[in-house]
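Notebook open, model loaded. I'm jotting down what I look up as I go.

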Amino acid sequence: MSNKATLEINGNTHELPIIAGTENEYALDIKSLRSDTGGYITLDAGYKNTGSCESEITFLDGEKGILRYRGYSIEELAEKASFLEVAYLLIFGELPTNKQLERFHSDIRKQSLVDDDVKKIVDAYPRFAHPMGVLSSLTSALTAFNPSSVNVDSEEDMYNAIVKILGKFPVLVAWTMRKKQGLPLGYGDNTLGYVDNLLKMMFEKPNEEFVHNKIIIEALNKLLILHADHEQNCSTSTVRIVGSSHAGLFASLSAGISALWGPLHGGANQAVLEMLEDIKADGGDTKKYMAKAKDKDDPFRLMGFGHRVYKNFDPRAKIIKKSADEVLGDLGVEDPILEIAKSLEQEALSDPYFVKRKLYPNVDFYSGIIYRAMGIPTDMFTVMFALGRLPGWIAQWREMRLRKEPIGRPRQLYIGKTHRPFKSIDKR
Ligand code: CMC
């Protein structure tokens, strides 16, 4: 197989090197296209065909429905690993030994205090603020409380920044929710596991003993693992591109949280639940909503369906659907919207519109049903996604800095007015 592709422009040929990945994927290297061709660039709205980097972190085959972190299949990790083990794997490249994991967790615990002054910032937000806006802004505020920049050439500096954010982020998540509910803002219990501690920080009431629920801890552990990385999606690309200007880790993460918030990305989990509630309130007529989703004059989309990369089942959705059944059964929760979701899925999978466009349920379709069964408010769903995605964002940011990638700065094709003389205001 040739390792070059040939491009012909106005009778001139240009050779483009072909780069191979480790999973039989190939890329045309267009690094010198513009200089070699006298100014030609490629146009690819939404970057549907554009690779922004070479990465060793996550492999995704959207046609076959495969997702692997550092070579390990998502199915095995969700079944057998803890969220912190997966975080370590994503960030540092290998599964930790017992000793490495203990040290990692202990260092994260040591960083689990947030400056008490941050509470004043939380207090200043109105109760009606969306938790994602609050979380993004609190993450950004951490830069003010931790102003020293990370020396990315120092392994120790990098490690300290990583354990710092992994320690403080769950506190910010809990405070974001508690502020809305008028609950006091506290700190966790460092004798607990990472996920157990998060749940305690979120749900503990000052006048009641907190009850640890193994089913909820395990289900949340699985959900966080399933969300932990997804290669160059919108929020991750945001984190990498912000970081490429050498902005700090916390600032880059804050930008990633904002990108995740949108309903076409992480915000879809909230949108799915709201859609299912609307269908229920409207008499549960799923066919009516299927018709709306297919009507090109109707802006309605079936939220939780379709994916830029998966043209087959999203492997995460398969695991979450099974888990939704188990968790609701184990907790003894009967939620009629689970049945509505299953009917919608059934209809979509045999509907020619969805079949032709290869639209399958994605990670967000069933996750909200589990979050709701755990008692997590709907507008906190995307915040939970952000917590899950945190290790992925960190791993991608670290990789980008260690590979010394250049600043991200796309080109454009200008289609505006050509040069014209200025007209003074009285002549316009
Ligand atoms: N309902 C109805 N039609 C859809 C849907 C949907 N959910 N998704 C895509 N389509 C149609 C779309 O109208 C288009 O039709 P046509 O070819 O006739 O113009 C075709 O399918 C291709 O869609 P697209 O918008 O060009 O595809 P995309 O790769 O740009 O968008 C997507 C991917 C995820 C933004 C889109 O499928 C969508 O809006 N889904 C609903 C929102 C959602 O569930 N987002 C979560 C994504 S997974 C988690 C994450 O990324 O955070």
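Is A293 buried or exposed? I looked it up: A293 is buried, since its relative accessible area is 9%, and the cut-off for buried is under 20%. Note to self before going further: this is a predicted model.

**Entry 1, A293.** I placed A293 in helix α13, which spans residues 286-294. Skipping neighbours within four places in sequence, I get F300, L302, Y353 and F354 as the contacts of A293. I also checked a long-range pair: A293 and N190 are 103 residues apart along the chain, and their C-alpha atoms are separated by 47 Å.

**Entry 2, L67.** Next I went to strand β5, residues 66-69, where L67 sits. L67 comes out at 1% relative accessibility, so I log L67 as buried. With neighbours within four places in sequence left aside, the contact list of L67 has T58, F59 and L60, then Y72, S73 and I74. Further along the chain, the list for L67 goes on with D229, H230, Y310, P315 and R316. For a long-range pair here I took L67 and V152, which are 85 residues apart along the chain and have C-alpha atoms separated by 29 Å.

**Entry 3, T37.** What does the side chain of T37 reach at 2.6 Å? I find the backbone oxygen of L33 there. A polar atom of the T37 side chain also lies 3.2 Å from the backbone nitrogen of Y40. T37 belongs to helix α1, residues 33-37. The relative accessible area of T37 is 12%, so I put T37 down as buried. Leaving out neighbours within four places in sequence, I have T37 in contact with I9 and H14.

**Entry 4, cysteines.** How many disulfides does the count come to? I get zero disulfides. C53 is in no disulfide, and the nearest cysteine sulfur to C53 belongs to C234, 14 Å away. C234 is in no disulfide either, with the sulfur of C53 as its nearest cysteine sulfur at 14 Å. The cut-off is a pair of sulfur atoms within 2.5 Å, so I leave this pair unbonded. For accessibility, C53 is partly exposed at 23%, and C234 is partly exposed at 46%.

**Entry 5, α9 and α17.** I moved on to helix packing. Helix α9 (residues 214-227) packs with helix α17 (residues 364-373) at an angle of about 150°, and their axes are 11 Å apart. That angle is why I write α9 down as roughly antiparallel to α17, the cut-off being over 145 degrees. I log the way α9 passes α17 as a left-handed crossing. Which residues meet here? From α9 I list L220, L223 and H227, and they meet D364, S367, I370 and Y371 of α17.

**Entry 6, α14 and α15.** I ran the same lookup on another pair. Helix α14 (residues 315-331) and helix α15 (residues 336-349) have axes that come within 12 Å and cross at roughly 155°. So α14 goes in the notebook as roughly antiparallel to α15. The crossing in which α14 passes α15 is left-handed. At this contact I list K321, A324, D325 and L328 from α14, meeting L338, K342 and E345 from α15.

Terms used. Residues are numbered from 1 along each chain as its sequence is written. This is a predicted model: local features need pLDDT of at least 70, side-chain atom pairs count only at pLDDT 80 or more; totals for chains, interfaces and linings use all residues. Side-chain values use heavy atoms; hydrogens and water are left out. Helices (H or I, at least four residues) and strands (E, at least two) are DSSP runs, numbered from the N terminus. Buried means under 20% relative accessible area, exposed over 50%, partly exposed in between (1.4 Å probe, protein chains only). A polar contact is a pair of N or O atoms within 3.5 Å; within protein, one must be able to donate a hydrogen and the other to accept it, and residues adjacent in sequence count only if both atoms are side-chain atoms. Contact means heavy atoms within 4.5 Å. Axes are lines fitted to C-alpha atoms, for helices over the stretch in contact, and angles run from 0 to 180 degrees between N-to-C directions. Angles under 35 degrees count as roughly parallel, over 145 as roughly antiparallel, 65 to 115 as roughly perpendicular and the rest as oblique. A crossing is left-handed if the near helix is turned anticlockwise from the far one by less than a right angle, and right-handed if clockwise.
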